[in-house]
Each structure stands twice: as structure tokens, then as C-alpha cells.
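Good morning, colleagues. I would like to take you through one structure today, beginning with a hairpin and ending with two individual residues.

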Amino acid sequence: MLAVFFCAIIKLVTIPVPIRVRLAPSPTGFLHIGTAQSAIYNWLFARKNGGTFIVRIEDTDRARSEKQYEDDILAGLKGLGLEWDENIYRQSERTKMYEEQVNKLLDGGKAFWCRHTPEELEAERQAQLAGKDLPRHICVHREDPLQRDGGVIRLHIDSNSTRKIIVDDVIRGKIEFEERLFGDISIARTETNVLFHFANVVDDGEMRISHVIRGEDHLANTPKHILIAEALGFEPPRYAHLPLLLAPDRTKLSKRHGATALKDYVKEFLPEAIFNYLAVLSFTPPADKEKISREELMEVFELEKVHKTGAIFDVKKLEWFNGEYIKKMSDDELLMMIGQKYEKILTMVRERMKTKKDLEEFDFFFETPMIDPEMLTWKKSTLEESRTMLARVKNIIEKDGLENLRSKLDELGAGDRGLVYWPLRVALSGKKASPDPVDIAIILGKEEVIKRIEKAI
RNA sequence: GGCGCCAUCGUCUAUCGGUUAGGACAGCAGCUUUUCAAGCUGCGAAGCGGGGUUCGACUCCCCGUGGCGCUGCCA
């Protein structure tokens, strides 16, 4: 009783463990938008709590890992402004440490060589799936004398245990799993070639990671990780499982749903917009403030308040965020992004563009558009009337230039101004939808305007 | 099959037992207008089902249903 009391006191008095979080992507593909979101929450949590944000490249699968993917992941994180605080860690450079830990378990009798063939294991799995057996491999080879050859190294788990492994998730609360359900957990192919679960746990322990903030798809793996950490003598970190990013059909966002790589979104959208959208998609800031800066987010972010439900990634809303951020940009910033050639029409562009793709709308400023004659016709008027009207507009411009063009055209079109402005719009832009024709004319200049009108007639 | 997570407008969500269930995106309508966009104004739109607990449940509990995840010598 007294001991319990003192422990409680010590716990209260002890200096809290330093906050250390990590993003642990595998370089087996381009930076996934979901990984980017995960990175954002890790980063925000670290920044909010004065912690350390670490990036660890999980390249234990040598066959699938590629340098180009690692480069893309790192570049993507930088692009979002997610700077890491320590040098990049790579699991491929830490094999010595894994080897030591595997041997420790092997020598301590906690782990052993399982020499069943993949075929045997597969057959067992199928049988379990078909029958009512629990899906777990309880390996008989544990009884054998230690042999360092063939098969896979497993951590022994008591299949008769009545113990519950409790995952105390920051977002979801306490979740219980039965220890006996796991069977003997595979941890390495050989002493020098360890598996994901093992490397992951060794690293988190060795790197003194305080909070593992990762996707919900890892929730069911977590008791396994706790078991491995226990065997290794590591105090398990706190866990927080983030909701998944979903496609419109509510399944996990994957390539078949279209773009899932951050790099594809960066082409279209501003990093600030992507950051903002991803951040508030699964976390609601106080007072429902959706448009929020990264600095403000750093202050108000609370891991406990991250949502539990998977969220559909809605490009429409991202577009809206992007439009909002474009409106806020300075002239110089905007020009820098879209190119100096848009300088003269910057106001129009800013007002109308939501993503970079919308720039195509303005092509006609730089090259003479193709005109579909049918399009020249205004509502119930005829094509001939449109052409006549265009000729009159041309006369006005030839005579007086573009001075006071608007009031002259208003006068000309008194009664049905559309008959004047519509054909002019089409003649100048080749489009049904465009900025104001007079504004266009002023930018194009007298000569070009006349040329285009003649072409249309 | 086993284990686990989740469940409010089309979408993202607010509500920490008592609200006309609020906001944002999208949609629609109106205003403005030569078109489109923007802008402004307005409208429609939700508590998965069944049991409890309670004076009172969107909210707490149980069951069901549905969605998703895990169940690898992938990560």
C-alpha cells in the first residue's frame, strides 16, 4: 500500500519525459497524402509541446525501397514546411543494433527459430480460416535446441495467457486485446535482416520516442508492438491512432481512386492550402475556425481532440481553401507562382482562379483564340446581326481608339447590350465565359482588338 | 471466420443529458450583371435500427446492422 503510494508520488514529481515523435515512412512509393497528414499531426504535436520531430526512413524491405521515393518523401515534407529536428534516420543503417537485440532475445530464450516453410504456414492459415481455430501460429520448434538456420525468428508468446494487453490510446482511450490471440510473432528473417514490427519497436525504444502518432491501420498491430517492447525491456510509448483518409467510396484512399501522391497535389495547390485542409480535416480548431494559419494551429492543437472517424478527402474543399489562399497572396507572390506574363491581368486572375489549372482560361490573352462562328450568336438574335454589330464596334474603335469604350458601347447597345457585348466577348476571347470584354480589350490594345474582330467577322 | 476501431446534413464537423441540432464545403435560388467567376443575401439538407438508464437522450449502457482496419518470412 505504502509502495503504491510512493510510486504515485514519484510519478507526479518526476520530470515529464521529453516529447519525441517520429514519422516513419517506407520509401516504397511517393509521399502519400495520408502520410503527409500524419506528418502534420506529429509535427504540430511536437511544436505545441516543445518536443522533437524526427523522420525515420523504414527501409527494411530492401527489395521495394528506392532512393527516389525517399527523396520525394523528404522533399514533400519540406515543401509543407515540416522541418525535422534531428538528422534523418534510416533503418538500413541501423542493422547492427537490430542484430544485437535479436541475439539478446534468442540467447535469452525469448525468441527462437521457426523452421516451418512458407507453404506449411500458408496451409495452416487456410485451415484456421476455414475452421473455427484462432488465426495464430504456435510453433513447435521452440522446444528444439537452438539452431541458427532457416525459417524465421519468432518471439514466443504464451498461447494460454489470460492476460489482456491494454493499448491506452490518446485519441481512443483504453483498448483491450487478449495476449493469447497472437501466437508466436515473427520478428526477423535472419539476425541481420529484421521485420518491420521488430525494427519499428527497437527504434522507437532506442530513440526514446514518447508518442507514436500513426494511422489507424496500425491499431491492431499495437499490442504486438507492446509485446515486443516488453520482451526487449523497453517502456512502450504512448500511442495515438489517427483516423484514416478515405476515398469517396469510403475505402482507404489508394491509387485506383486517382491521385494519392502529395507531389500531384503540389502541382495544383498551394502548400499552405494543403497544410490547412489536411490539418483541419481530422481536427477541429476551437470555435470551428477552419481557415487557420500554421502558427495558430501550433498553439491550439490538441492530440486528444483529433477525430476518431475516417474522413473522405474532398478535393472540392481543398480547392476552396486554395482559392482563399490565392486571394490572400501579394501581387509579387502570385506572379512568382504563375509567371510574370500575367502581370497585366493579375487582378482578373486572382479573382477567378482556384487552382493552377484555371490559368488555361487566360490563354487567349497570349495567343489568338480559335472562334466558333456559331458562338457569336446572341440569344435570339441572328449571326448576321452579331456580325453587323461587331463591324460597328470595329468602326468605333478604329475612329476613337479604346478611350471611353464602355460608355460608347453602352450607348450603341441601348435596349439590348448583350447584342453588343456577347459577340465582342467571343471575338476577343473565343469563350462563352470570360472576364469583361472591355477590360480584355484594354489589355489587348487597339490593334489586336481590331485584328480579332476582323477575324471573327 | 477471429480480433479491433468507427457511426450527426451529399462531404468535413459542433454539441461534453434539456438547443428551433450550429458552422464550413458542395448544391439550389435571388441580388448584381453583357457571359462566367467572385461577392452579398437566402433556401433545402442529418442524429443507422432496437432495447434499456433517466423527469428528459444525438449525447450514457447493451444488442443488432453497416463501414473500415488487422489477421504475412509487406510496411
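Please keep in mind throughout that this is a predicted model. I begin with E6 and E7, which form a hairpin with three residues between them. Strand E6, residues 164-169, runs antiparallel to E7, and six bridges join the two. One of the facing pairs is Lys164, which stands opposite Glu178 in E7.

I turn now to the open sheet. Four strands make it up, in the order E4-E5-E8-E9, with antiparallel pairing. Strand E4 (111-114) and strand E9 (193-194) are the edge strands, each pairing on one side only. Helix H7, residues 222-232, packs on this sheet and touches E5 and E8. The direction of H7 makes about 65° with that of E8.

Within the sheet, strand E5 (residues 152-155) and strand E8 (residues 185-190) run antiparallel and are joined by three bridges. Which residue in E8 is the bridge partner of Leu155? That partner is Ile185. In the neighbouring position on E5, Arg154 stands opposite Ser186 in E8.

On to the pairing of E8 with E9. These two strands are likewise antiparallel, joined by two bridges, and they form a hairpin with two residues between them. Here Ala188 has Val194 in E9 as its bridge partner.

Next, the nonpolar interior. The largest nonpolar core comprises 82 residues. Those with the most contacts inside this core are Ile40, Leu155, Ile187, Phe198, Leu227, Ile228 and Ile274. Leu155 is thus a residue we have already met, as the bridge partner of Ile185. Which helix gives the most to this core? The answer is helix H2, residues 33-48, with nine residues. As for Ile274, once its neighbours within four places in sequence are left aside, its contacts are Leu80, Tyr265 and Phe269. Another core, of 21 residues, lies apart from the largest one; Met389, Leu390, Ile397 and Ile440 are among its members.

The RNA surface comes next. There are 61 residues around RNA strand B, and of these Ser26, Glu58, Pro135, Phe196 and Ala433 come nearest. How is this surface divided by class? It has 24 nonpolar, 14 polar and 23 charged residues. Several elements each supply at least two residues of the surface near RNA strand B, including strand E7 (173-178) and E8. Helix H5 (118-130), helix H11 (315-328) and helix H16 (418-429) are also among them. E7 therefore appears in two parts of this talk, in the hairpin with E6 and on the surface near RNA strand B.

I close with two residues. Is Asn276 buried or exposed? Asn276 counts as buried, because it has 23 C-beta neighbours inside 10 Å, and the threshold for burial is 20 or more. Asn276 is placed in helix H9, residues 271-281. Outside its neighbours within four places in sequence, Asn276 is in contact with Lys291, Ile292 and Phe321. Its C-alpha atom is separated by 9.6 Å from that of Ile40, although the two residues are 236 residues apart along the chain.

Glu235, by contrast, sits in the loop between H7 and strand E11 (238-242). Glu235 counts as exposed because it has 10 C-beta neighbours inside 10 Å, where the limit for exposure is 12 or fewer. From C-alpha to C-alpha, Glu235 and Asn322 are 43 Å apart in space, with a sequence separation of 87 residues.

Technical notes:
Residues numbered from 1 in each chain as written. Chains lettered and ligands numbered in written order. Predicted model: local features only at pLDDT ≥ 70, side-chain atom pairs only at ≥ 80, totals over all residues. Pairing = 2+ DSSP bridges. Contact = placed C-beta atoms within 7 Å. Axes fitted to C-alpha atoms, helices over the stretch in contact; angles between N-to-C directions. Near = placed C-beta within 6 Å. Nonpolar A, V, L, I, M, F, W, Y, C, P; charged D, E, K, R; others polar. Core = buried A, V, L, I, M, F, W, Y, C linked by C-beta atoms within 7 Å.
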